[in-house]
Structures are given as structure tokens and as C-alpha cells.
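Dear colleague,

Please find below the structure that I am handing over to you. My findings follow it.

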Amino acid sequence: MPACRYVELDVSRQFLQEFRQKIRESGSSGEVVLVVPRPGGGILLHTKSFYPKETYRLPTGRLLPEEDPLQAFHREFTEELGTEGRLDRSLGVIIHRLKCGNEEPVEFTSNIYLAKEMPEKPVPHDDSEQITGFTEVSTSELKNVADRLENLPGRWLDWGRFRAVVHRFVAESLL
């Protein structure tokens, strides 16, 4: 049975307000996380044009309104990686509770899916994602990726701390 984890994270007021606004605009308080094994045993990570230099992470995508997580898995796989995703299994769900002082907290759900090995080279189909590169890391290196995310500078700090949670969860789930 897939694991369910609840995580509370203290964030800055600005991050919380921006996060809340994105949820309002998208109509979604959830995402899918794509854990994509590669030939040779690596896990696929991507970077985007606007991330800090050398910042890579697991591909993710928001759930669309009225879309279930499995539908989002298949849609996001095609958009971000350019091929049809084949599901292995659900690794679990993380319910994030982002909070700051007396502000109303925000809950956000990450549905984490392990895909079957993807031998094809990833080629994003959605230019709006601004994906500029891919790399592969071993499962054990996901903890190092989480460490780097948690220590991003300036305005990226809360985003990196939020993103690190999933990377640690995946590393624990697969080791």
C-alpha cells in the first residue's frame, strides 16, 4: 500500500501568499510527481530556464480541475518528457501544510508515481514549461539533490525546502 505522509513547513509570508495565489489561479491544490527510471539505474531530473544555475529536480505537474492524479500522470509525462508514460506503481502521497505565523495555512498534495523505465531520450512537448535540460542521478543521490534544494539562495529558499520533501520521500521509498 502506498505511503501517505503529512508535512508541515514554515515558510515566508511572501512564499505562502504567492503559493496561495497560484492555487487560486490554477484551480488546483495538487500535483503529480514523475519518478522516471532510466537504463542503467538512474532517475531522471530536469531543470528549467528560470531556476538557479545547476538546479535539477524531479518532474512535476499540477492537476487540472476535474482531473484525477492518474490522468495527470499520463498528460504530464507526454508534456514534459515527450513520450507516453507507463505506470509502475504509486509510491505515495504527501500532504504539505505550508504555514507562516497567523496566516491561514495552505495545503497542497503531491501524488508520487513511479514509472516503468523510459529508454527514450526525453523531449519536452510543452515549450511553456521552459525545460532546458535533463540529468540522471542514482536513488541514493536524491538525498544530495534534496540537500541542494534546501540550500538554494534568497527567494528560492522556501521553494527549494518545499521541493526537497518529495526528493527525500522518493529516496526513502526506493532504497
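E66 is exposed in this predicted model, with a relative accessible area of 83%; the cut-off for that class is over 50%. The residue is placed in the loop between β4 and α2. Its phi is positive, near 70 degrees, although E66 is not a glycine. Most residues other than glycine have a negative phi.

Q130 is a further residue with a positive phi that is not a glycine, its value being about 60 degrees. Q130 is found in the loop between β6 and β7. With a relative accessibility of 36%, Q130 is classed as partly exposed, because that class covers what lies between under 20% and over 50%.

Q130 also appears among the contacts of T47, a residue of strand β3. T47 is buried, its relative accessible area being 8%. Apart from neighbours within four places in sequence, T47 is in contact with T55, Y56, Q130, I131, T132 and G133. With T55 there is also a polar contact: the side chain of T47 reaches the backbone oxygen of T55 at 2.6 Å.

The helix that follows the loop of E66 is α2, which runs over 69–81. It has 13 residues, and the distance from its first C-alpha to its last is 17 Å, close to the 18 Å expected at 1.5 Å a residue. At the start of α2, a side-chain oxygen of D68 comes to within 2.9 Å of the backbone nitrogen of L70. After α2 comes G82, with a positive phi near 80 degrees. Which residues of α2 are buried? They are A72, F73, R75, E76, F77, E80 and L81. The elements that cover these buried residues include the strands β2 (30–35), β3 (43–48), β4, β5 (87–99), β6 (106–115) and β7 (131–137).

The second helix to examine is α4 (157–174). Its 18 residues should span 26 Å at 1.5 Å a residue, and its end C-alpha atoms are 26 Å apart, so the two values agree. The buried residues of α4 are D158, W159, G160, F162, R163, A164, V165, V166, H167, F169, V170 and A171. The charged residues D158 and R163 are thus part of that buried list.

Within α4, V170 deserves a separate description. Its relative accessibility is 0%, so V170 counts as buried. Not counting residues up to four places away in sequence, V170 touches V35, L58, L91, I112 and L142. The C-alpha atoms of V170 and V33 are separated by 9.8 Å, although these residues are 137 residues apart along the chain.

Two buried loop residues may also be of interest to you. S28 lies in the loop between α1 and β2, and its relative accessible area of 5% makes it buried. With neighbours within four places in sequence set aside, the contacts of S28 are I23, R62, L63 and F108. C100 lies in the loop between β5 and β6 and is buried as well, at a relative accessible area of 13%. Not counting residues up to four places away in sequence, C100 touches V11, S12, R13 and L16. C100 and P52 are 48 residues apart in sequence, and their C-alpha atoms are 24 Å apart in space.

I turn last to the largest pocket. Rolling a probe the size of a water molecule over the atoms shows where empty space is left. The volume of the largest pocket is about 880 Å³. How many residues line this pocket, and which of them lie nearest its centre? The lining consists of 29 residues, and K22, F50, R62, W159 and R163 lie nearest the centre. R62 is also one of the contacts of S28, while W159 and R163 are among the buried residues of α4. At least two lining residues each come from α1 (13–26), β4 (60–62), α2 and α4. By type, the lining divides into 10 nonpolar, six polar and 13 charged residues.

With kind regards

Conventions: Residues are numbered from 1 along each chain as its sequence is written. Side-chain values use heavy atoms; hydrogens and water are left out. On a 1 Å grid over the protein atoms alone, a cavity is a set of points where a 1.4 Å probe fits but cannot get out, and a pocket is an open set with protein on both sides within 12 Å along at least five of seven lines; lining residues have an atom within 4 Å of a point. Grid points are joined across faces, edges and corners, and a volume is the space filled by probe spheres set on the points. Helices (H or I, at least four residues) and strands (E, at least two) are DSSP runs, numbered from the N terminus. The expected span of a helix is 1.5 Å times one less than its number of residues. Buried means under 20% relative accessible area, exposed over 50%, partly exposed in between (1.4 Å probe, protein chains only). Contact means heavy atoms within 4.5 Å. A polar contact is a pair of N or O atoms within 3.5 Å; within protein, one must be able to donate a hydrogen and the other to accept it, and residues adjacent in sequence count only if both atoms are side-chain atoms.
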